[in-house]
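Open the model in your viewer with the chain drawn as a cartoon. The stops below each begin with something to select.

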Amino acid sequence: MPEPILSISGLSKVYKGGVKALDDVNLDIRQGEIFALLGPNGAGKTTLIGAVCGLVRPTAGTVTAFGRDLAKDWREARGRIGLVPQELSTDMFETVERAVSYSRGLFGFAPDKAQIEEVLRSLSLWEKRSSQIRELSGGMKRRVLIAKALAHEPDLLFLDEPTAGVDVELRKDMWRQIAALRERGTTIILTTHYIEEAEEMADRVGIIRKGQILMVDDKAAMMQRMGRTEAVIALSEPLGKLLPSIAAFPVELRAGGTELCYRGGDGSGKGREDVAALTKALIAEGIDYRGIDIHDSSLEDIFVGLVTEEEAA
């Protein structure tokens, strides 16, 4: 397996007063992937990004990017990293083009009008290049943040809640733009509280809570391993007890015997096959039903279930 583009080992951050924002985080990021980091508010997502991008000084641990220890070779490695922060942190009276060009110069890159134009056009900002940032809509301001992060052509891009506060249509538009960045070879680490965002775009997903990584896996593998199918079958007549052919399935009676509830499978489609077999068993036993409500786990279901289990532990 090729060397990871980013490797985080034993990373911890304890603030004054003893608040532990990061707790022995270990994480490797693969070249060219989109990695989504999910977690509730206060989980440590932004602190983790800040530690990699030089905004937060870790208490312990190492961060290696492009084969270089960031504590020792910070300047060279940082020039290959881009960050889109949550908060708007730019001069609102600056024009779009000047703000983006200035960001490129901050990293020691020579002016390149053609490259800046390409970035602005890719984000639908070219027509707004002479506008002051304060005149833009919230969604356009967020695009400016992305343009600033791309101005120095980074190989590794952090997006901290990139679509927070934008409408659904603009959010989907930005998903397409992020996918296009990956097509160009940019490695992307995304934090989000819109779990459908991770489900739509990510190759791998990490779940963080109270500064600890609970799980990291390929999205498809995570959904297959932890996914479930749930089905509620509304019976035409109450059933007093489960017959052996029905009890062979992972089911229980509810609502006074008028509902038969199935929960099983593994996220691979087996659950729906079980439900189909269960309905055939009901028919064979002469048990009539009025309807079926069936639901497969989403990434959000898995995330909520995992975080809730950890809280209860």
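Among contacts in the protein chain between residues at least 6 apart in sequence, 68% join residues at least 24 apart. The model is a predicted one. Colour by secondary structure to see eleven helices and 14 strands in the protein chain. Of its 313 residues, 45% are buried.

**Stop 1: the largest pocket**

Select Arg78, Leu83, Leu106, Phe107 and His152, the residues that lie nearest the centre of the largest pocket. The lining as a whole has 17 residues, and the pocket volume is about 440 Å³. Which elements each supply at least two residues of this lining? Show helix H2 (74-78), strand E6 (81-84), helix H3 (96-106) and helix H5 (138-150) to see them. By residue class, the lining of the largest pocket divides into nine nonpolar, five polar and three charged.

**Stop 2: the largest cavity**

Next, look inside the protein. The structure holds one cavity of 30 Å³ or more, and about 50 Å³ of space lies in the largest cavity. Select Leu6, Ile8, Leu27, Ile29, Leu37, Leu48, Ile49, Val52, Phe158 and Ile189, which line the largest cavity. How do these lining residues divide into nonpolar, polar and charged? Ten are nonpolar, with no polar and no charged residues in the lining of the largest cavity.

Now add the cartoon of strand E1 (6-14), strand E2 (20-29) and helix H1 (45-52), each of which supplies at least two residues of the cavity lining. H1 gives the largest share of that lining, three residues.

**Stop 3: Asp24 and Glu153**

Stay with strand E2 and select Asp24, whose place is in that strand. Asp24 is not a glycine, although its phi is positive, about 55°. The residue is partly exposed, with a relative accessible area of 47%.

Then select Glu153, in the loop between H5 and strand E7 (156-160). Glu153 is likewise a residue other than glycine with a positive phi, near 55°. Its relative accessible area is 45%, and Glu153 is partly exposed.

**Stop 4: helix H10**

Select residues 270-284, which form helix H10. This helix has 15 residues and reaches 21 Å from its first C-alpha to its last, close to the 21 Å expected at 1.5 Å a residue. Show the side chains of Asp274, Val275, Leu278, Thr279, Ala281 and Leu282, and mark Gly271 as well: these are the buried residues of H10. Why do they lie on the same side of H10? They cover an arc of only 160° around the axis, so they share one side of the helix. An α-helix has 3.6 residues a turn, so residues three or four places apart point the same way.

What do the buried residues of H10 pack against? Select strand E11 (229-235), helix H9 (244-247), strand E12 (251-254), strand E13 (259-264) and strand E14 (289-296) to show these partners.

Turn the view to the face of H10 that points away from its buried side. The exposed residues there are Glu273, Lys280, Ile283 and Ala284. To finish, select Gly286, which follows H10 and has a positive phi, near 75°.

Conventions. Residues are numbered from 1 along each chain as its sequence is written. This is a predicted model: local features need pLDDT of at least 70, side-chain atom pairs count only at pLDDT 80 or more; totals for chains, interfaces and linings use all residues. Side-chain values use heavy atoms; hydrogens and water are left out. On a 1 Å grid over the protein atoms alone, a cavity is a set of points where a 1.4 Å probe fits but cannot get out, and a pocket is an open set with protein on both sides within 12 Å along at least five of seven lines; lining residues have an atom within 4 Å of a point. Grid points are joined across faces, edges and corners, and a volume is the space filled by probe spheres set on the points. Helices (H or I, at least four residues) and strands (E, at least two) are DSSP runs, numbered from the N terminus. Ala, Val, Leu, Ile, Met, Phe, Trp, Tyr, Cys and Pro count as nonpolar, Asp, Glu, Lys and Arg as charged, and the others, Gly among them, as polar. The expected span of a helix is 1.5 Å times one less than its number of residues. Buried means under 20% relative accessible area, exposed over 50%, partly exposed in between (1.4 Å probe, protein chains only). The arc is that of the directions from the helix axis to the C-beta atoms. Contact means heavy atoms within 4.5 Å.
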